[in-house]
Amino acid sequence: MSLYLYEIAAARADRSEAAHLLKELDARLYAAGGELIEAQVTRGPHRIFAVAEFPAGPAPQLDAATLGADDVNGPDEVRLVGADLAELKAARPAAGYLVEWDLPPGLDMQTYLDRKKAKAPRYAGVPEVSFLRTYVRVDMNKCLCFYDAPDEGAVRRARAAVDTPVDRLHGLEGLQR
């Protein structure tokens with residue numbers, strides 16, 4: 001079974017349209033033999049970060065126009081880090097913030113995982129922030145890290161504690177699958 005990331009630019013910045021797009025996305029992925037694991041929507045302008053599981057074969061390309069979106073990037077195969085997939089499916093927990101980190105050239109998956117494991121205890125220095133999970137693209141282009149935190153400043157302090165950059169930081173709407 002493989003996980004795939006889709007990054008979608010919503011056609012409209014309207015919350016109800018984003019919710020409609022999530023339903024359409026879920027239906028299309030299901031029809032293609034996949035399961036939408038989670039989809040998080042950024043605060044306006046709306047971008048959707050969706051992760052789907054496909055047990056047999058690669059994930060399908062999605063056409064932005066027929067989906068009702070401005071743009072669709074992906075599917076890009078990802079690896080879930082810091083969370084259990086079965087627990088994630090059961091709970092479908094919301095996150096408050098998403099950090100995108102463009103991984104440095106030459107970084108391999110094992111080095112990334114070793115570094116993450118070594119630095120994770122440092123999150124204790126920022127107790128108001130909970131690290132939830134990360135999706136690392138298998139091509140090592142970037143990772144998406146999800147947090148529960150009171151504000152952006154707290155997320156930035158948590159990232160500084162583990163000595164990891166923030167390339168883009170998004171507040172999330174609370175619309176999720």
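This report describes a cavity, two nonpolar cores and one buried acidic residue in a predicted model.

## The cavity

Rolling a probe the size of a water molecule over the atoms shows where empty space is left. When the whole structure is searched in this way, one cavity of 30 Å³ or more is found, and the space in the largest cavity comes to about 130 Å³.

Residues lining the largest cavity include Trp101, Tyr112, Arg115, Cys145, Arg159 and Thr164. Helix H4, which spans residues 109–119, gives the most to this lining, with four residues, and by class the lining holds six nonpolar, one polar and four charged residues.

## The nonpolar cores

In soluble globular proteins, nonpolar side chains tend to be buried together. The largest nonpolar core here has 23 residues, of which Leu103, Tyr112 and Val136 touch the most other members. Strand S5 (97–102), H4, strand S7 (142–148) and helix H5 (152–161) are the elements that give two or more residues to this core. Another core, of 21 residues, lies apart from it, and among its members are Tyr6, Ile8, Leu21 and Leu36.

Once neighbours within four places in sequence are left aside, Leu103 is in contact with Tyr112 and Val136, and also with Met140, Asn141, Lys142 and Cys143.

## Asp76

Asp76 belongs to strand S4, residues 69–81. Because its relative accessible area is 19% and the cut-off for burial is under 20%, Asp76 counts as buried.

Not counting residues up to four places away in sequence, Asp76 touches Leu3, Tyr4, Leu5 and Arg137. With Arg137, the side chain of Asp76 also forms a polar contact of 3.4 Å, joining it to the side chain of that residue.

Technical notes:
Residues numbered from 1 in each chain as written. Predicted model: local features only at pLDDT ≥ 70, side-chain atom pairs only at ≥ 80, totals over all residues. Heavy atoms only, no water. 1 Å grid on protein atoms, 1.4 Å probe; cavity = no way out; pocket = protein on both sides within 12 Å on 5 of 7 lines; lining within 4 Å. Points joined across faces, edges and corners; volume = space filled by probe spheres on them. Nonpolar A, V, L, I, M, F, W, Y, C, P; charged D, E, K, R; others polar. Core = buried A, V, L, I, M, F, W, Y, C linked by side-chain atoms within 4.5 Å. Buried < 20%, exposed > 50% of the residue type's maximum accessible area, 1.4 Å probe, protein only. Contact = heavy atoms within 4.5 Å. Polar contact = N/O pair within 3.5 Å; in protein donor to acceptor, adjacent residues only side chain to side chain.
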